[in-house]
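This report describes one protein model, element by element. Please keep the sequence and the 3D view at hand while reading.

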Amino acid sequence: MQDTPPSVPDFTQWPSFPFEGDLRVKQLDDPVPVEPPRRGEGNRECTACSAPDEAYIWVGERWRVRAMDRPTGLPMVLILESRSHLDLGDLPNLLAAELGVMTVRLERAIRSLDGVARVHVSRWGDGSAHLHIWFLARPYGRLQLRGTFLSLWDSILPPITEAQWRENLALVAAWLAEFGGRPLAEPPRIQWQAPSSLSAPPEVEAEIVDEETVSVIEAAEEIPEPPDDPTTGQRPA
Ligand SMILES: [Zn+2]
């Protein structure tokens with residue numbers, strides 16, 4: 001057994017690593033012999049199966065796309081879910097093939113947004129048994145956000161504006177709807193103002209898109225075990 005704590009890995013020196021200062025590696029808990037059920041497993045309710053279509057920004061016959069419940073630091077964070085209660089390795093061929101098509105389509109839609117350089121696509125599945133794929137948009141020009149730690153930066157950066165967020169959601173929903181399905185995210189109402197009132201701050205509609213979606217970090221808090229090796233880009237969710 002190791003008596004001295006392991007030194008921190010090289011990635012803590014990467015420009016993309018969000019923290020600085022003295023760091024030390026956490027003690028690992030002992031592995032549990034039997035892992036607890038995820039959401040939608042055993043007797044735990046499945047939040048995806050019980051969520052109505054209205055909780056999503058776009059819905060189709062076999063797939064749904066949901067947003068976070070509020071703007072976060074990245075220009076766009078979305079989750080693609082199958083309608084059926086299946087995990088990735090359990091998808092029948094039809095859904096497996098469609099997953100590829102949907103992944104490409106959604107990546108393209110998010111990448112088409114102004115100010116988005118790259119879209120990171122991730123699947124962890126440690127929090128919920130219902131298939132869900134994360135799509136995280138990296139802002140253009142923010143080279144320090146490249147790679148593995150993008151999901152951490154999402155909670156560190158100041159949130160984008162509500163109006164920008166809603167506009168982005170509506171654009172992605174409309175893009176997906178070009179291929180079928182139903183867009184549910186609407187653009188923010190245009191705030192037409194007479195010139196004399198231009199100095200007043202515009203009102204933003206506070207419609208809740210999705211009350212049940214948790215943020216990346218909140219999802220991680222569901223996980224009783226430490227996350228996987230961050231150098232592989234794995235994240236509990
Ligand atoms: Zn489910």
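## Helix α4 and its surroundings

The buried residues of α4 are covered by elements that include β1 (58-59), β2 (63-67), β3 (77-82), α2 (93-111) and β6 (182-183). The model in which these elements appear is predicted. Helix α4 itself comprises 16 residues, from 162 to 177. From its first C-alpha to its last it reaches 22 Å, close to the 22 Å expected at 1.5 Å a residue.

The buried residues of α4 are Trp165, Arg166, Asn168, Leu169, Ala170, Val172, Ala173 and Leu176. An α-helix has 3.6 residues a turn, so residues three or four places apart point the same way. Within α4, buried positions include Trp165, Leu169, Val172 and Leu176.

## The nonpolar cores

In soluble globular proteins, nonpolar side chains tend to be buried together. The largest nonpolar core of this model has 29 residues. Those that touch the most other members are Ile57, Trp63, Leu78, Leu80, Leu106, Ile110 and Val172. Two or more residues each are given to this core by β2, β3, α2, β4 (116-122), β5 (132-139) and α4. The largest share, 6 residues, comes from α2.

Val172 shows how α4 meets its surroundings. Leaving aside residues up to four places away in sequence, Val172 touches Ile57, Leu78, Leu106, Ala109, Ile110 and Leu113. Apart from this core lies another, of 13 residues, among them Phe17, Leu74, Trp124 and Leu150.

## Strands β2 to β5

Strand β3 is paired with two strands: 5 bridges join β2 to β3 in the antiparallel sense, and 5 bridges join β3 to β5, again antiparallel. Ala67 stands opposite Leu78 in β3, while Glu81 stands opposite His132 in β5. All 6 of the 6 residues of β3 are buried, so β3 is largely enclosed by the rest of the structure.

In a regular strand the side chains alternate between the two faces of the sheet. In β3, Val77, Ile79 and Glu81 point one way, whereas Leu78, Leu80 and Ser82 point the other way, and all are buried. Leu78 and Leu80 are also among the residues that touch the most other members of the largest core.

Strand β4 pairs with β5 in the antiparallel sense over 6 bridges. Within this pairing, Val119 has Ala137 in β5 as its bridge partner. Because 5 of the 7 residues of β4 are buried, this strand is largely enclosed by the rest of the structure.

## The zinc site

Which protein atoms are the donors of the zinc ion? They are the SG atoms of Cys46 and Cys49 and the ND1 atoms of His85 and His130, lying 2.0 to 2.2 Å from the ion. The angles among the 4 donor atoms are 103 to 117°, and the site is tetrahedral. Along the chain the donors follow the spacing C-x2-C-x35-H-x44-H.

Cys46 lies in the segment before α1 (47-50). Although Cys46 and His85 are 39 residues apart along the chain, their C-alpha atoms are separated by 8.4 Å. Not counting residues up to four places away in sequence, Cys46 touches Gly40, His85 and His130.

Are the two cysteine donors, Cys46 and Cys49, buried or partly exposed? A residue counts as buried under 20% relative accessible area. Cys46 therefore counts as buried, at 10% relative accessibility. Cys49, with a relative accessible area of 42%, is partly exposed.

Technical notes:
Residues numbered from 1 in each chain as written. Predicted model: local features only at pLDDT ≥ 70, side-chain atom pairs only at ≥ 80, totals over all residues. Heavy atoms only, no water. Helix = DSSP H or I, 4+ residues; strand = E, 2+ residues; numbered from the N terminus. Expected span 1.5 Å × (residues − 1). Buried < 20%, exposed > 50% of the residue type's maximum accessible area, 1.4 Å probe, protein only. Contact = heavy atoms within 4.5 Å. Core = buried A, V, L, I, M, F, W, Y, C linked by side-chain atoms within 4.5 Å. Donors = N, O, S within 2.8 Å, 3.2 Å for Na, K, Ca; no water. Tetrahedral: all angles 85-135°; square planar, octahedral: opposite > 155°, others 65-115°. Pairing = 2+ DSSP bridges.
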